[in-house]
Amino acid sequence: MKRLALGALALCGALALLGVAPSTVTVHLTAQNNSGQSGTATLTQQGSDVVVSLTMMGIPGGVAEPAHIHPGTCAKLNPAPKYPLTNATNGTTTTTIHNVMLSSLLGGNYAINVHNAKNLSIYVACGDIK
Ligand SMILES: [Cu+2]
């Protein structure tokens, strides 16, 4: 156990020296169009990839809702997705977006949204990435 902790410490030190210290951003998705659905997404830099984990509350059981990262903000969203996420089935989804820097997604230029499974034009939740 002690050896494991020392190993983890050494790994952290090595990552810090390499300048690839992991960083994470949390995005809160609020309900839209009276969906009653809200959620939390965490975006984590892992090397040259960003891993997006999304957990939604209030999705009906068994429903797979499409989710994306879109350019724009929730208030003014570009309807064309920039990065598709895997569908939020039973409320959770994890997607690895390759060759993206988390820093490029910050600054209020992108938002994460979730769509109604039956009618994509209806947004059920959205959160600005900042
Ligand atoms: Cu979308």
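Serine 121 is exposed in this predicted model, with a relative accessible area of 59%. The residue belongs to the loop that connects β8 (110–115) with β9. Although serine 121 and proline 79 are 42 residues apart along the chain, a distance of 8.9 Å separates their C-alpha atoms. The assignment of serine 121 as exposed follows from the cut-off, because a residue counts as exposed when its relative accessible area is over 50%.

The protein as a whole contains 2 helices and 9 strands. Read from the N terminus, the order of these elements is α-β-β-β-β-β-β-β-α-β-β. Of its 130 residues, 36% count as buried. The exposed surface of the protein amounts to about 7400 Å², and 59% of this area is supplied by carbon and sulfur atoms. Contacts across the sequence were also examined. Among those between residues at least 6 apart in sequence, 54% join residues that are at least 24 apart.

Strand β1 (residues 24–31) takes part in two pairings. With strand β2 (residues 38–46), β1 is joined by 6 bridges, and the two strands run antiparallel. Within this pairing, threonine 26 stands opposite threonine 42 of β2. The second partner of β1 is strand β9 (residues 123–129), and here the pairing is again antiparallel, over 2 bridges. Alanine 31 has alanine 125 in β9 as its bridge partner. In a regular strand, side chains alternate between the two faces of the sheet.

The hairpin of β1 and β2 has 6 residues between its strands. Asparagine 33 lies in this loop between β1 and β2, and asparagine 34 lies there as well. Most residues other than glycine have a negative phi. Asparagine 33, however, has a positive phi of about 55° although it is not a glycine. Asparagine 34 likewise has a positive phi of about 55° without being a glycine. Both residues are exposed: the relative accessible area is 55% for asparagine 33 and 82% for asparagine 34.

The model includes a copper ion. The donor atoms are ND1 of His68, NE2 of His70, OD1 of Asn113 and NE2 of His115, at 1.9 to 2.4 Å from the metal. In sequence, the spacing of the donor residues is H-x1-H-x42-N-x1-H. The site has 4 donor atoms with angles of 86 to 134° among them and is tetrahedral. This assignment holds because four donors count as tetrahedral if all angles lie between 85 and 135 degrees. For comparison, the ideal angle for four tetrahedral donors at a metal is 109.5 degrees. Two of the donor residues can be described further in terms of accessibility. Asparagine 113 is buried, with a relative accessible area of 0%, and histidine 115 is also counted as buried, at 5% relative accessibility.

Alanine 67 lies in strand β4. The residue is buried, and its relative accessible area is 0%. Leaving aside residues up to four places away in sequence, alanine 67 touches Leu54, Pro84, Leu85, Asn113 and Val114. One of these contacts, Asn113, is also a donor to the copper ion. Between alanine 67 and asparagine 87, which are 20 residues apart in sequence, the C-alpha to C-alpha distance is 5.9 Å.

The structure holds 1 disulfide. A disulfide is a covalent bond between the sulfur atoms of two cysteines. In this structure the bond is formed by cysteine 74 and cysteine 126, with their sulfur atoms 2.0 Å apart. The torsion about the S-S bond is about -90°, so the disulfide is left-handed. Cysteine 74 is placed in the loop between β4 (64–73) and β5 (76–77), whereas cysteine 126 is placed in strand β9; the pair therefore ties together parts that are 52 residues apart in sequence. The two cysteines fall into separate accessibility classes. Cysteine 74 counts as partly exposed, at 21% relative accessibility, while cysteine 126 counts as buried, at 2%. The boundary that applies here is 20%, because buried means a relative accessible area under this value.

How values were computed:
Residues are numbered from 1 along each chain as its sequence is written. This is a predicted model: local features need pLDDT of at least 70, side-chain atom pairs count only at pLDDT 80 or more; totals for chains, interfaces and linings use all residues. Side-chain values use heavy atoms; hydrogens and water are left out. Two strands pair if DSSP finds at least two bridges between them. Helices (H or I, at least four residues) and strands (E, at least two) are DSSP runs, numbered from the N terminus. Donors are N, O and S atoms within 2.8 Å of the metal (3.2 Å for Na, K and Ca); water is not among the atoms, so sites may look incomplete. Four donors count as tetrahedral if all angles lie between 85 and 135 degrees; four count as square planar and six as octahedral if opposite donors are over 155 degrees apart and all others between 65 and 115; anything else is irregular. Buried means under 20% relative accessible area, exposed over 50%, partly exposed in between (1.4 Å probe, protein chains only). Contact means heavy atoms within 4.5 Å. Accessible areas come from the Shrake-Rupley method with a 1.4 Å probe; for residues, only the protein chains shown count as cover. A disulfide is a pair of cysteine sulfur atoms within 2.5 Å.
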